[in-house]
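Work through the exercises below with the model open beside you, and try each task before reading its solution.

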Amino acid sequence: MKEEMSAIHIAPWMHVITPGGGVPLDELLPTSGSVYVARLNGQEMPDEVSTFQHFSEVLKFPEYFGWNWNAFYDCLRDLNWLSADHRILVIGSAESILSQDGDGRKKFFGCLWRAGQRWSYTRRPQDVTFTKLSVVLSYDKDSVSTLAKQLEEWQEQPNW
């Protein structure tokens with residue numbers, strides 16, 4: 001994990017920023033190809049149903065989306081219906097996502113983590129990791145270190 005003044009890079013596909021902070025564009029944008037940017041609002045995702053609804057609307061999930069965590073992950077790891085080479089999810093007020101549902105919150109971030117990991121690849125011999133899905137979480141300054149610790153703990157658990 002690399003920490004800077006306004007951004008924490010959890011993985012090549014997951015970044016946490018604070019309001020007013022930012023991630024240098026060259027770290028997020030690919031050097032070539034088309035990009036689909038989805039903007040989501042964590043305040044519109046207080047529970048599972050609204051989380052699924054918000055993602056489904058913004059990312060244009062297919063009609064067969066099953067409205068459960070497995071189906072949510074399946075859609076995030078596919079996204080082929082979006083005609084783009086790269087996808088960037090920008091989630092504002094991420095501290096509000098499922099804030100009263102610890103288990104749902106863990107599943108949500110687990111899905112984002114695994115999807116980002118699945119969309120990533122390492123170019124050899126340079127050992128540079130590239131990703132076709134990036135997640136940018138905008139988090140309030142008071143909660144950002146807690147999120148970073150939770151993400152690190154959660155990614156070490158086998159049932160992500």
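**Exercise 1.** Find the residue that caps the N-terminal end of α3, and state which atoms are involved.

Solution. Start at the beginning of helix α3, which covers residues 69-78; helices here are DSSP runs of H or I with at least four residues, strands are runs of E with at least two, and both are numbered from the N terminus. The cap is Asn68, where a side-chain oxygen lies 3.1 Å from the backbone nitrogen of Asn70. Before going on, note that this is a predicted model, in which local features need pLDDT of at least 70 and side-chain atom pairs count only at pLDDT 80 or more, while totals for chains, interfaces and linings use all residues. Residues are numbered from 1 along each chain as its sequence is written, and side-chain values use heavy atoms, with hydrogens and water left out.

**Exercise 2.** Determine which residues of α3 are buried, and what they pack against.

Solution. First apply the cut-offs: buried means under 20% relative accessible area, exposed over 50%, and partly exposed in between, using a 1.4 Å probe and protein chains only. By this rule, Trp69, Ala71, Phe72, Tyr73, Cys75 and Leu76 are the buried residues of α3. Next, look for their partners through contacts, meaning heavy atoms within 4.5 Å; the buried residues pack against α2 (48-59), β5 (86-92), α4 and β8 (133-138).

**Exercise 3.** Describe how α3 and α4 are arranged with respect to each other.

Solution. Begin with the axes, which are lines fitted to C-alpha atoms over the stretch in contact, with angles from 0 to 180 degrees between N-to-C directions. Helix α3 packs with helix α4 (residues 102-118) at an angle of about 25 degrees, and their axes are 9 Å apart. The two helices are therefore roughly parallel, a term for angles under 35 degrees. On the α3 side, the contact is made by Trp69, Phe72, Tyr73, Leu76 and Arg77, and the residues of α4 that take part include Phe108, Cys111 and Leu112.

**Exercise 4.** Locate residues with a positive phi in the loop between α2 and α3 and just after α3.

Solution. Recall that most residues other than glycine have a negative phi. In the loop between α2 and α3, look at Lys60, whose phi is positive at about 55 degrees although Lys60 is not a glycine. Trp67 belongs to that loop as well, and its phi is near 60 degrees; Trp67 is partly exposed, with a relative accessible area of 41%. Finally, just after α3, Leu79 takes a positive phi of about 50 degrees.

Methods. Angles under 35 degrees count as roughly parallel, over 145 as roughly antiparallel, 65 to 115 as roughly perpendicular and the rest as oblique. A polar contact is a pair of N or O atoms within 3.5 Å; within protein, one must be able to donate a hydrogen and the other to accept it, and residues adjacent in sequence count only if both atoms are side-chain atoms.
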